[in-house]
Amino acid sequence: MEANRGQNGIQQLLVAEQDAQHVVNAARNAKMARLKQAKEEAEKEIAEYRAQVEYEFKKKVAESSGYSGANVKRLETETDAKINHLKNEAARISHDVVQMLLKNVTTVRN
């Protein structure tokens with residue numbers, strides 16, 4: 001009878017161990033599922049934040065590009081005016097510069 005009772009106790013311990021293992025496995029699986037869900041939620045939040053920041057950046061670029069169009073026109077006009085001024089000055093003094101160069105090149109010094 002004692003041997004039967006000991007055998008019965010061992011069987012109960014084995015069943016309890018298996019039940020505990022099932023509980024641990026279920027908890028581990030639940031934890032992994034929750035971690036996966038948390039990761040997906042975080043990635044979703046990151047994507048939403050990135051989209052919002054990109055939208056705001058594009059909006060600011062679009063707003064500032066309207067002003068830069070006028071700036072580009074103004075800079076082109078100023079640049080053209082400066083180029084024309086330099087061309088006129090070069091044409092005005094080119095004869096004098098050529099004469100000075102010829103004089104200095106043809107003069108022999110000892």
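1. In which helix do Arg 74 and Glu 78 both lie, and how many residues apart are they? Both belong to helix α1, which covers residues 2-106. They are separated by 4 residues, about one turn of that helix. The structure discussed in this note is a predicted model.

2. Arg 74 and Glu 78 are joined by a salt bridge, and their closest N and O atoms are 3.0 Å apart. Side chains of opposite charge can pair when their charged atoms come close. The pair qualifies as a salt bridge because the cut-off for the nitrogen and the carboxyl oxygen is 4 Å. Arg 74 is partly exposed, at a relative accessible area of 41%. Glu 78 is likewise partly exposed, at 35%.

3. How many salt bridges does a search of the whole structure find? The search returns 2. Besides the pair formed by Arg 74 and Glu 78, there is a salt bridge between Glu 89 and Arg 92, with the closest N and O atoms 2.7 Å apart. Glu 89 and Arg 92 also both lie in helix α1, where 3 residues, about one turn of the helix, separate them.

4. Is Arg 92 buried or exposed? Arg 92 counts as exposed, with a relative accessibility of 57%. Its partner Glu 89 is partly exposed, with a relative accessible area of 29%. The two residues are classed in this way because exposed requires over 50% relative accessible area, while partly exposed lies between that value and the 20% below which a residue is buried.

5. A nonpolar patch on the surface is made by Ile 93, Val 97, Met 100 and Leu 101, and its area is about 340 Å². Of these residues, Ile 93 can be placed in helix α1. Ile 93 counts as partly exposed, at 35% relative accessibility. That value allows Ile 93 to contribute, because patch residues need over 30% relative accessible area.

6. A patch of negative charge is also present on the surface, where Glu 40, Glu 41, Glu 43, Glu 45 and Glu 48 gather. One of them, Glu 43, is found in helix α1. The relative accessible area of Glu 43 is 45%, and the residue is partly exposed.

7. The UniProt record, an unreviewed entry, places the feature "coiled-coil region" at residues 25-59. In the model, the chain over residues 25-59 is 100% helix and 0% strand. The C-alpha atoms at the ends of that stretch are 51 Å apart.

Technical notes
Residues are numbered from 1 along each chain as its sequence is written. This is a predicted model: local features need pLDDT of at least 70, side-chain atom pairs count only at pLDDT 80 or more; totals for chains, interfaces and linings use all residues. Side-chain values use heavy atoms; hydrogens and water are left out. UniProt positions are given in the numbering used here, feature names are shortened, and annotations may be inferred rather than shown by experiment. Helices (H or I, at least four residues) and strands (E, at least two) are DSSP runs, numbered from the N terminus. A salt bridge is a side-chain nitrogen of Lys or Arg within 4 Å of a carboxyl oxygen of Asp or Glu. Buried means under 20% relative accessible area, exposed over 50%, partly exposed in between (1.4 Å probe, protein chains only). Patches are made of residues with over 30% relative accessible area and no salt bridge: like charges are joined within 9 Å, nonpolar side chains (Val, Leu, Ile, Met, Phe, Trp, Tyr) within 5 Å. Accessible areas come from the Shrake-Rupley method with a 1.4 Å probe; for residues, only the protein chains shown count as cover. Lys and Arg count as positive and Asp and Glu as negative; His and the chain ends are not counted. The place of a charge is taken as NZ of Lys, CZ of Arg, CG of Asp or CD of Glu.
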